[in-house]
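Have the sequence and the model side by side as you read. The walk below goes through strands, then helix pairs, then confidence.

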Amino acid sequence: MTELLFLLLPVAAAYGYVMGKNSAKNQALELNRQITSQYSKGLKFLLDREEDQGLEHLIQLLEVSADSVEHYLTLATLFRKRGELDRAIKIHELLLNQPNLSASVMASCRLELAKDYVLAGLLDSAEEHLVILVKNHNVKALDPIINLYSQMREWRKGINMYESHRELFTKPQHFAAIANFYCEAAISDDTPKLMELACAFEHKIIRPYYELGKDAFVKNDHVKAIYYWRKLVVNCTNTAPLYIKELEQSYIELNLKNQFDDLIEELLPQGGVLIRIKHCQSLLEQGQLHQAIDFLTDSLKREPSIRGFSFLLQLLGNNNNKIQAVLSEIDKLVKSYIATKPEYQCQHCGFSSHTLYWLCPSCKHWETIGPSKGLDGY
Ligand SMILES: [Zn+2]
């Protein structure tokens with residue numbers, strides 16, 4: 001418990017303050033003695049794990065020096081890091097009851113207390129304090145309250161909070177979270193209109209477009225599927241592997257395959273290997289095998305990709321019947337290698353998976369998981 005010694009720092013500060021203000025030496029010494037005595041008592045109780053009495057003694061000194069609040073916050077953080085949440089909560093609760101603290105210090109204490117409650121699993125208590133902070137326009141409360149509502153699956157509460165306090169929202173990750181709250185509420189209440197509201201965000205949002213496109217595709221509404229997926233693929237081309245085959249199918253159903261080919265060509269500059277493979281497929285359909293081989297070989301030299309290499313093996317096999325069987329065997333090996341690689345990866349924390357999660361199970365961020373990139377990715 002040597003870390004508790006820093007609590008004696010305010011004693012020195014209080015001593016200096018008193019000495020500067022009051023030349024009556026005896027008075028200063030007497031006050032200093034009282035403070036030191038209170039600190040010693042408080043520390044002794046704490047060291048003996050008699051938290052209530054120890055903290056009470058220490059908190060009493062706040063009236064002597066409001067500056068010492070920082071020290072209590074640091075002490076509470078220490079307790080929290082050590083997993084002693086009951087002690088961290090006690091300190092934060094006592095600080096919050098101090099009448100002489102400024103509004104900003106009170107807000108810091110409330111935020112820290114809410115974090116303690118979350119860690120202790122007391123989610124309702126955490127929510128109570130975070131709601132107060134949001135109502136007081138405290139932007140720092142957004143991350144924890146969004147995480148809390150995600151954890152509690154309280155989508156409607158999150159949406160209501162957003163709709164009442166839109167002015168607090170500026171960060172893309174907060175918009176992504178609320179867009180997903182709309183999607184989750186739409187799915188659980190079977191009200192697709194909620195997803196359309198999420199499309200109104202002026203930020204790059206993925207899921208509502210993806211879900212609305214998928215819903216339309218399943219219902220054979222190919223015009224609508226194209227409407228949503230086209231918007232998504234143009235704005236966030238890296239999401240193409242999630243729906244590009246179905247999008248192509250929708251164009252084919254409407255006899256508009258040429259428009260799909262034009263779209264792929266338009267996406268080539270920012271598209272990944274899958275867009276380049278789609279471009280090669282359209283060249284093949286037009287009987288331009290050599291152009292497809294040249295295009296893919298050239299792009300693989302600039303940006304190597306296992307998936308691109310696999311498709312090149314197929315093209316080379318089509319070009320030469322004598323070696324087609326051998327290349328086909330090699331391609332099988334390459335494909336079995338690809339199958340072992342996770343298809344999705346979180347761009348925030350690196351978590352990888354074979355399943356697409358909209359909320360990263362590791363870092364708890366929304367929409368940070370997408371098709372993996374790099375040599376093994378898309
Ligand atoms: Zn993550």
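How many bridges join strand E1 to E2? Two bridges do, and the strands run antiparallel. E1 covers residues 344–346. One pairing can be picked out by residue: Gln345 has Ser352 as its bridge partner in E2. This is a predicted model, so read what follows as prediction.

Now widen the view to the sheet. It is open and has three strands, in the order E2-E1-E3. The pairing is antiparallel. Strand E2 (352–353) and strand E3 (369–371) are the edge strands. Each of these pairs on one side only.

Next, the helices. Two packed helices are described by the angle between their axes and the distance between the axes. Start with helix H18 (residues 306–319) and helix H19 (residues 321–340). Their axes come within 9 Å and cross at roughly 165°. An angle over 145 degrees counts as roughly antiparallel, so H18 is roughly antiparallel to H19. The crossing of H18 with H19 is left-handed.

Which residues of H18 and H19 make the contact? H18 contributes Ile306, Arg307, Phe309, Ser310, Leu313, Gln314, Leu316 and Gly317. From H19 come Ile323, Gln324, Leu327, Ser328, Ile330, Asp331, Val334, Lys335, Tyr337 and Ile338. By class, the contact of H18 with H19 has ten nonpolar residues, five polar and three charged.

Move to helix H10 (residues 172–189), which takes part in two packings described here. Its first partner here is helix H9 (residues 155–164). The axes of H9 and H10 come within 9 Å and cross at roughly 135°. That angle makes H9 oblique to H10. The crossing of H9 and H10 is left-handed. On the H9 side, Trp155, Arg156, Gly158, Ile159 and Tyr162 take part. They meet Ile178, Phe181, Tyr182, Glu184 and Ala185 in H10. The contact of H9 with H10 has seven nonpolar, one polar and two charged residues.

H10 also packs with helix H12 (residues 207–218). Here the angle is about 30°, with the axes 9 Å apart. Angles under 35 degrees count as roughly parallel, and H10 and H12 are therefore roughly parallel to each other. Ala179, Asn180, Tyr182 and Cys183 in H10 meet Arg207, Pro208 and Glu211 in H12. The residues of this contact divide into four nonpolar, one polar and two charged. Tyr182 of H10 appears in the contact with H9 and in the contact with H12.

How far can the model be trusted? The protein chain averages a pLDDT of 88, and 83% of the residues score at least 70. Confidence is highest in helix H14 (residues 244–253), at a mean of 98. It is lowest in helix H1 (residues 9–21), at a mean of 48. Over residues 9–20 the pLDDT is below 50. Beyond near neighbours in sequence, that stretch has 18 contacts in the model. Where pLDDT is low, the predicted coordinates should not be read in detail.

Note on methods
Residues are numbered from 1 along each chain as its sequence is written. This is a predicted model: local features need pLDDT of at least 70, side-chain atom pairs count only at pLDDT 80 or more; totals for chains, interfaces and linings use all residues. Axes are lines fitted to C-alpha atoms, for helices over the stretch in contact, and angles run from 0 to 180 degrees between N-to-C directions. Helices (H or I, at least four residues) and strands (E, at least two) are DSSP runs, numbered from the N terminus. Angles under 35 degrees count as roughly parallel, over 145 as roughly antiparallel, 65 to 115 as roughly perpendicular and the rest as oblique. A crossing is left-handed if the near helix is turned anticlockwise from the far one by less than a right angle, and right-handed if clockwise. Two residues are in contact if their C-beta atoms, placed from the backbone, lie within 7 Å. Ala, Val, Leu, Ile, Met, Phe, Trp, Tyr, Cys and Pro count as nonpolar, Asp, Glu, Lys and Arg as charged, and the others, Gly among them, as polar. Two strands pair if DSSP finds at least two bridges between them. pLDDT is the predictor's confidence in each residue, from 0 to 100.
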